[in-house]
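Here is a short briefing to read alongside the model. Keep the 3D view open and follow each topic as it comes up.

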Amino acid sequence: MSVIDKARDLVEASDGGRLPAEAVAELGADSGAGIERLMLDLLPLAAEFSMPVLSGFQVGAVGLGSSGALYLGANFEFPSCPLNQTVHAEQAVVVNAKGGGETGLERLAVSAPPCGYCRQFLYELDSKGDLDIILANTPTKKLADYLPGAFGPGDLNVKGGSLSGPRVSLKYVDGTSPKSQGVEAAMKAAGGSYAPYTSAYGGAAITTSSGGIYAASYIENAAFNPSISPMQAAVIAATFSGNSAEVFAEVSVVQCEDSKVDHAKACCIYRRSWCALFRKNRPKNFVY
Ligand SMILES: [Zn+2]
């Protein structure tokens, strides 16, 4: 069995685009140069999850978390949406790492140097400029080498750390209660969101017809634009779980009262495009 086939089985077993540290060890590359080789070898597997409905260009990325786990990422394009809704593979790595409870990324393997948008997004990690960027046939360099003169959290007096930020304590508005398990999952994800610039904490959850629930958190950026909305993150979580072919029975969005960013409204505006990505999937219920 090839490394990719074995890794594919291990990723499916992990339910969420990640290879736990034990799985990485099982693939025989848990240290030294071996891990970088493995990360590069897994790029085609990561790209299998991409949904490049506009460009037709599949991109994969693989990140190494502080725990020793590997996280896959792929590009997502949404039909009929503005192009700025596109999620790049490097961003999807961070979404999956956050979903996996990772607190930091140490290395990132990509097939080409990250674009400027991704460099900015990655600068929000705890590792900031120290993140190793791994490319085939190119010496490994730091993110700082690719992003001189960076603008980041420190310029706004924010410590930063899109993966390690403290959980936020949220509670339901008086008189309301969770309407479903999806809402509860979205609430939990909202508590883990990273929103130091607007405090617009938010989470989203996709519940499939078979009862699978895929929740994910909002992730902000000092430069605002490369931020990831809760719904974008939930689509990524559902896709990497391998269950995106199922019908979405419910989409839940949780946000703060009087939020500066209306995640629910954004979900309404773009929901047809997000769901069209999955052809057969037409959510029957949207719960806010
Ligand atoms: Zn990019």
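A pocket here is an open set of points on a 1 Å grid over the protein atoms alone, with protein on both sides within 12 Å along at least five of seven lines, whereas a cavity is a set of points where a 1.4 Å probe fits but cannot get out. Lining residues have an atom within 4 Å of a point. Grid points are joined across faces, edges and corners, and a volume is the space filled by probe spheres set on the points. This is a predicted model, in which local features need pLDDT of at least 70 and side-chain atom pairs count only at pLDDT 80 or more, while totals for chains, interfaces and linings use all residues. Residues are numbered from 1 along each chain as its sequence is written, and side-chain values use heavy atoms, with hydrogens and water left out.

**Pockets**

- The largest pocket has a volume of about 680 Å³, and of the 29 residues lining this pocket, K98, G99, G100, G101 and A215 are the closest to its centre.
- At least two lining residues of the largest pocket come from each of α5 (89-99), α8 (181-191), β8 (213-217) and α9 (230-240); helices (H or I, at least four residues) and strands (E, at least two) are DSSP runs, numbered from the N terminus.
- β8 gives the largest share of that lining, with 5 residues.
- By class, the lining of the largest pocket holds 11 nonpolar, 12 polar and 6 charged residues (Ala, Val, Leu, Ile, Met, Phe, Trp, Tyr, Cys and Pro count as nonpolar, Asp, Glu, Lys and Arg as charged, and the others, Gly among them, as polar).
- The second largest pocket encloses about 510 Å³ of space; among its 25 lining residues, Q85, F224, N225, S227 and S229 lie nearest its centre.
- Helix α10 (residues 263-276) supplies the largest share of the second lining, 4 residues, and that lining comprises 11 nonpolar, 12 polar and 2 charged residues.

**Zinc site**

- H88 (ND1), C115 (SG) and C118 (SG) coordinate the zinc ion at 2.1 to 2.3 Å; donors are N, O and S atoms within 2.8 Å of the metal (3.2 Å for Na, K and Ca), and water is not among the atoms, so sites may look incomplete.
- Along the chain, the donors of the zinc ion are spaced as H-x26-C-x2-C.
- C118 is buried, at a relative accessible area of 0%, while C115 is partly exposed at 30% (buried means under 20% relative accessible area, exposed over 50%, partly exposed in between, with a 1.4 Å probe and protein chains only).

**Overall fold**

- The protein chain contains 10 helices and 10 strands.
- Its radius of gyration, 18 Å, is close to the 19 Å that the globule rule gives for 288 residues, so the chain is as compact as a globular protein of that length (taken over C-alpha atoms; the rule is 2.2 Å times the number of residues to the power 0.38).
- The C-alpha trace spans about 55 × 45 × 35 Å along its principal axes, and 56% of the 288 residues count as buried.
- Of contacts (heavy atoms within 4.5 Å) between residues at least 6 apart in sequence, 66% join residues at least 24 apart.

**Helices α8 and α9**

- α9 is largely enclosed by the rest of the structure, because 11 of its 11 residues are buried, including P230, M231 and F240.
- G242 follows α9 and has a positive phi, near 85 degrees.
- Q181 is found in helix α8 and is exposed, with a relative accessible area of 60%.
- Q181 and G211 lie 30 residues apart in sequence and 9.5 Å apart in space, C-alpha to C-alpha.
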